[in-house]
Amino acid sequence: MRKLQKSVLAVILMTIIVLGLPAAVYADENDAEKLKKQSYETPADTDSLTGWPAGPKVYAKAAVIMDMDSGAILYAKNADEKLYPASITKLLTALVAVENSDFTDEVLFTDDSISFLQYDDAHIGMRPGEIINMKDALHALLLASANEVAYAIAENVGGKLGGGYTAFIDKMNERSTELGCTGSHWTNANGLHNENHYTTAHDMALIASEVSKHQELLGIMQTMNYTIGATNLVDENRTFQQHHKMLWEGNSNYYEYCIGGKTGYTDDAGTTLVTMADNGQMRLAAVVLYDYGTDAYVDTRAMFDYTYGNFSKISLMKEEKPKQIEEFTDPEAYVVLPPGVEYKDLEMEITVQDEKEGTGRVTYFYQNQNVGSTDVTLTPEYIESATGYTTRLQISGASEAGDDVRENGGIPMWGKVLLCAGAACVILAVILTLILVRIRRRRKQRRMRRRRQQIKEMRGRGGKRRRYTGRRRG
């Protein structure tokens, strides 16, 4: 009887397991589809701007389109939400590496740079003790997304920075902050999951914009196939391909204006994608975070088409210059606006960068949305009102040595030149005055001598013609 009960229980349990597992799997898939649909139906934040063209719906949890030269944000959906980046981290790794090393530098692979790898992590099979040059390493980093190569780059460049791998990570965080990133924190060079390793769509667009300024990195990202030859330990070649499908001609995701980018994926980050495009008019950076497989390419294309079809540059040189600005540093400075939004609708924010040089940066906003920024030279009056620094001479109270003539913060070069010129004029005027006084004195002396001589001669002639008789006329 007990055996029968056990058998019945076993059958019941097996039935629950067999029937329950598909139900659980189905429930998980159903939840995932609901989340995906919910994300797709979430409108872009920029849709709330009055007069702004409605943007496309995208599956990505966060997305942004930014003009890489002006910093204008033209499409934004949760642009400042902190999410996991996965392998698009390697764009910042490449940037820090290229700024602090040479293509000919050696990259040595240690045990630490390989031992952390899991079976499903992207890699190219490097071995401890192997050496390749930085050029090969950067190709493996950006094309094959090799995680052990990312670690080795960080170790070797960090050594040049004076502190190894940790110094490189510190440099990543420092460089990120310098670029204006406000929602990022980096704990590794490859993007493998860490709860304290995160970024935002906006921050990644800023990083992509800086990467695009390096032609050597653009060249690597546009490479379709690359081979690393034999090394000191391995006689065979290693060949790998471009992963970004918008660069593959002939496939359904190809985009003719794409000039580079980086793919990423982890279970926690979902699909992440950074893409750079240039249609000859505007250079754009598109970022999607927590997207779904090939939907990342669909979303990216939709954002590019939306931006190129609805926005254009407005030259700042053709608009009335604000009174705070003396001149725009870049004669081609511009903002990016859609039809119906005009320059007069914008507000601006000025940041003083160097008060002594009078340099700064102006950022234009439409309803708090960044539509472009550029470097400027500011007027002395604005510098003084904003910082208290002035180039005007000020007279202070008398000191023990006499009146103290001084300038707040020091005299600039042009002020020193004017002072020297003024002093020279004063000295010259004194000299000329002394010369004129001497000339007048000499002339007066000559006149007096001639007068005395004339009087003497007249007296001499008068003595011969008349003689004094002692008589006086009445």
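This report describes two pockets of a predicted model and the packing of one of its helices, α2, against three others.

## Basis of the model

The model is predicted, so that local features need pLDDT of at least 70 and side-chain atom pairs count only at pLDDT 80 or more, while totals for chains, interfaces and linings use all residues. Residues are numbered from 1 along each chain as its sequence is written, and side-chain values use heavy atoms, with hydrogens and water left out.

## The largest pocket

The largest pocket has a volume of about 820 Å³. A pocket here is an open set of points on a 1 Å grid over the protein atoms alone, where a 1.4 Å probe fits, with protein on both sides within 12 Å along at least five of seven lines, and lining residues have an atom within 4 Å of a point. The volume is the space filled by probe spheres set on the points, which are joined across faces, edges and corners.

The lining of the largest pocket consists of 31 residues, and Gly 71, Leu 179, Leu 206, Asn 370 and Ser 373 lie nearest its centre. At least two lining residues come from each of β1 (62-67), β2 (73-77), α7 (201-211), β13 (347-354), β14 (359-366) and β15 (369-378), where helices (H or I, at least four residues) and strands (E, at least two) are DSSP runs numbered from the N terminus. By class, this lining holds 9 nonpolar, 13 polar and 9 charged residues; Ala, Val, Leu, Ile, Met, Phe, Trp, Tyr, Cys and Pro count as nonpolar, Asp, Glu, Lys and Arg as charged, and the others, Gly among them, as polar.

## The second largest pocket

The second largest pocket, with a volume of about 570 Å³, is lined by 28 residues, of which Ser 87, Asp 120, Gly 264, Tyr 265 and Thr 266 lie nearest its centre. Strand β7 (258-266), strand β8 (270-278) and helix α9 (295-310) each supply at least two residues of this lining, and β7 gives the most, with 5 residues. The lining divides into 8 nonpolar, 15 polar and 5 charged residues.

## Helix α2 with α4 and α5

Helix α2 (residues 89-99) packs against helix α4 (residues 134-142) at an angle of about 165 degrees, with their axes 10 Å apart; axes are lines fitted to C-alpha atoms, for helices over the stretch in contact, and angles run from 0 to 180 degrees between N-to-C directions. That angle makes α2 roughly antiparallel to α4 (over 145 degrees). The contact (heavy atoms within 4.5 Å) joins Lys 90, Leu 91, Thr 93, Ala 94 and Ala 97 of α2 with Leu 138, Leu 141 and Leu 142 of α4, and its residues are 6 nonpolar, 1 polar and 1 charged.

The axes of α2 and helix α5 (residues 147-160) come within 10 Å and cross at roughly 30 degrees, which makes α2 roughly parallel to α5 (under 35 degrees). This contact is made by Lys 90, Thr 93 and Ala 97 of α2 and by Asn 147, Ala 150, Ile 153 and Val 157 of α5.

## Helix α2 with α7

Helix α7, which also supplies residues to the lining of the largest pocket, packs with α2 at an angle of about 40 degrees, with their axes 10 Å apart. Here Leu 91, Leu 92, Leu 95 and Glu 99 of α2 meet Met 204, Ile 207, Glu 210 and Val 211 of α7, and the residues of the contact divide into 6 nonpolar, no polar and 2 charged.

Notes:
Angles under 35 degrees count as roughly parallel, over 145 as roughly antiparallel, 65 to 115 as roughly perpendicular and the rest as oblique.
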